[in-house]
Amino acid sequence: MTKRHGYAVLSALIALVAALSAAIYVTVAADDGTPRGALGDNRPRHDSHAAPASTGTWVGAWATAPVGGEPGTETAGLAGHSVRNVVHTSVGGTSARVTLSNLYGQSALTISHASLALALGDGSAAADAETMRRLTFDGAPGVVIPAGGQTVSDAVHLTLPHGADVLITTYSPTPSGPVTYHPRARQISYVATGDRTEDITGTPYTGQTPYWRYVTALDVLSNEATGTVVAFGDSLTDGVTSTTGANHRWPDILSGRLRSALQSGRQLPRYSVVNEGISGNQVLADGLGRPAENQSGLGRFGRDALDRPNAKVVVIDLGINDILRNPRLADPDRIATGLRTLVRQAHARGLEVVGATLMPFQGHHGYTPAREAVRQQVNARIRAGGVYDAVVDFDKALRDPYDPRRLRPEYDSGDHLHPSDLGYRTMAEVFDLRTLTGAGQAEL
């Protein structure tokens, strides 16, 4: 055999070995050791529920702000209980994901099982069986959320219509310390003993609560919307005196107005609306504790407004509690400066900001002529155009024409500060939908 022929044979053998190695590598890589049709924990695969590829946009369908640690849960949390939160969608989608928060927990929160389903009826703990979906977290059925942290579930395939009640259920087997909650939900949710996460009957859910617990957001992959409007405010946005379970907060009604306008052919942005109001919230001052309960607007703006999925517009209605809850007379310049700071942060992220004037409160126990003067001064700065990109004049729309220091009687819930259902509807109806198209940026 010649040397040249020997080299040729050797080269052929090397090529054959390389080809065989590549084939073995591909086969091993394709089989990670998990049996076909099963997950690592031997659960059946729910491939039909996996979120498919889509041309839709992730937007907020519902949201709420974490406020503090729930009293009475400081030691055990809600260990051994299933928590079934009822939330209401502002927009529909074909897939969904959920945000869970342990912001006020003092130890790690273990969620061993979570689910999502459409409610069988308005305000009911019973689920539509065909819509029941098990939530996963990086492919696992449970998740451990560190103290002060939050987590987002994997996307799950489910057609969610707008205006639907959705059940988001979690089960925690072990004590976790204070439960992160939103106390003024204006919606009844449910609690059951034991792991009843995928129960569809609702029968075990004998406990009722006016709180939302752990869950802070429901996002959907939507073809109905291309962005999110965030309503950022205090109890007037939280809707504390609106009818429980009726979704009569002004952001709810604004969402319906926008949807109806689009259906009638008006040329407006296709946006969802989410509510990030906290009762008692101030622009400048935090509540007590570490982390602070009822964190100031300045402190929570990034988390609760700017970080919402595809946020496009923020509507701010804040400032009245800086006046009412300040033990000294509030400084209107400091309030206006704080609001301008929020606007600058939004502008840095490319968001438009619509701001509301502060509504009257004569007759409320916190009213004084000096505080009324501060409100008037803040409103004068807002109306002058140096705070927000656009203004919605809630003060003008709801004040009594015969005594502008008071709410008009039919718009007053009775406490002379918070609106009635009709008042909340009026707030949404005076909102100029054209401001959502972008009104330029204020000169700050």
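User: Let's start with His364. Where does His364 lie in this structure?

Analyst: Happy to help! Keep in mind that this is a predicted model. To place a residue, find the elements on either side of it. His364 sits in the loop that runs between β20 (352–356) and α7 (369–383).

User: Does being in a loop settle the matter, or should I ask about cover too? Is His364 buried or exposed?

Analyst: Ask about cover separately. A residue counts as buried when its relative accessible area is under 20%. His364 has 14% relative accessibility, so His364 counts as buried.

User: And which residues does His364 touch, apart from those up to four places away in sequence?

Analyst: Those residues are Leu324, Asp415, His416 and Leu417. There is a link to Gly366 as well: the side chain of His364 reaches the backbone nitrogen of Gly366 at 3.0 Å.

User: How would I read a residue in a strand? Where is Val354, and why does it count as buried?

Analyst: Use the same steps. Val354 is part of strand β20. Its relative accessibility is 1%, which is why Val354 counts as buried. Leaving out residues up to four places away in sequence, Val354 touches several others, among them Val313, Val315, Tyr388, Val391 and Phe431.

User: What about distance along the chain against distance in space? How far apart are the C-alpha atoms of Val354 and Gly438?

Analyst: Val354 and Gly438 are 84 residues apart along the chain, while their C-alpha atoms are separated by 9.4 Å. For the protein as a whole, take the contacts between residues at least 6 apart in sequence: 80% of them join residues at least 24 apart.

User: Can we try another loop residue? Which residue does the side chain of Thr136 make a polar contact with?

Analyst: The partner is Asp154, side chain to side chain, at 2.6 Å. Thr136 is in the loop between β7 (133–134) and β8 (143–145). Thr136 and Asp154 are 18 residues apart in sequence, with 5.6 Å between their C-alpha atoms. Beyond its neighbours within four places in sequence, Thr136 is in contact with Ser153 and Asp154. Thr136 counts as buried because its relative accessibility is 18%.

User: Now the backbone. Which residues here have a positive phi without being glycine?

Analyst: Two cases to look at are Asn247, with phi near 55°, and Asn294, with phi of about 50°. Asn247 is in the loop between α2 and α3, and Asn294 is in the loop between β18 and α4. Asn247 has a relative accessible area of 14%, so it is buried; Asn294 has 16%, so it is buried too.

User: What is the peptide bond from Arg290 to Pro291 like?

Analyst: That bond is cis, with omega near -5°. Pro291 is found in the loop between β18 (271–277) and α4 (297–306).

User: Last topic: cavities. How does one look for empty space?

Analyst: Rolling a probe the size of a water molecule over the atoms shows where empty space is left. In this structure, a search finds one cavity of 30 Å³ or more, and about 60 Å³ of space lies in the largest cavity.

User: Which residues line the largest cavity?

Analyst: The lining includes Thr64, Ser101, Gln150, Glu276, Arg303 and Asp304. By class, the lining has one nonpolar, four polar and four charged residues.

Conventions: Residues numbered from 1 in each chain as written. Predicted model: local features only at pLDDT ≥ 70, side-chain atom pairs only at ≥ 80, totals over all residues. Heavy atoms only, no water. 1 Å grid on protein atoms, 1.4 Å probe; cavity = no way out; pocket = protein on both sides within 12 Å on 5 of 7 lines; lining within 4 Å. Points joined across faces, edges and corners; volume = space filled by probe spheres on them. Nonpolar A, V, L, I, M, F, W, Y, C, P; charged D, E, K, R; others polar. Contact = heavy atoms within 4.5 Å. Helix = DSSP H or I, 4+ residues; strand = E, 2+ residues; numbered from the N terminus. Buried < 20%, exposed > 50% of the residue type's maximum accessible area, 1.4 Å probe, protein only. Polar contact = N/O pair within 3.5 Å; in protein donor to acceptor, adjacent residues only side chain to side chain.
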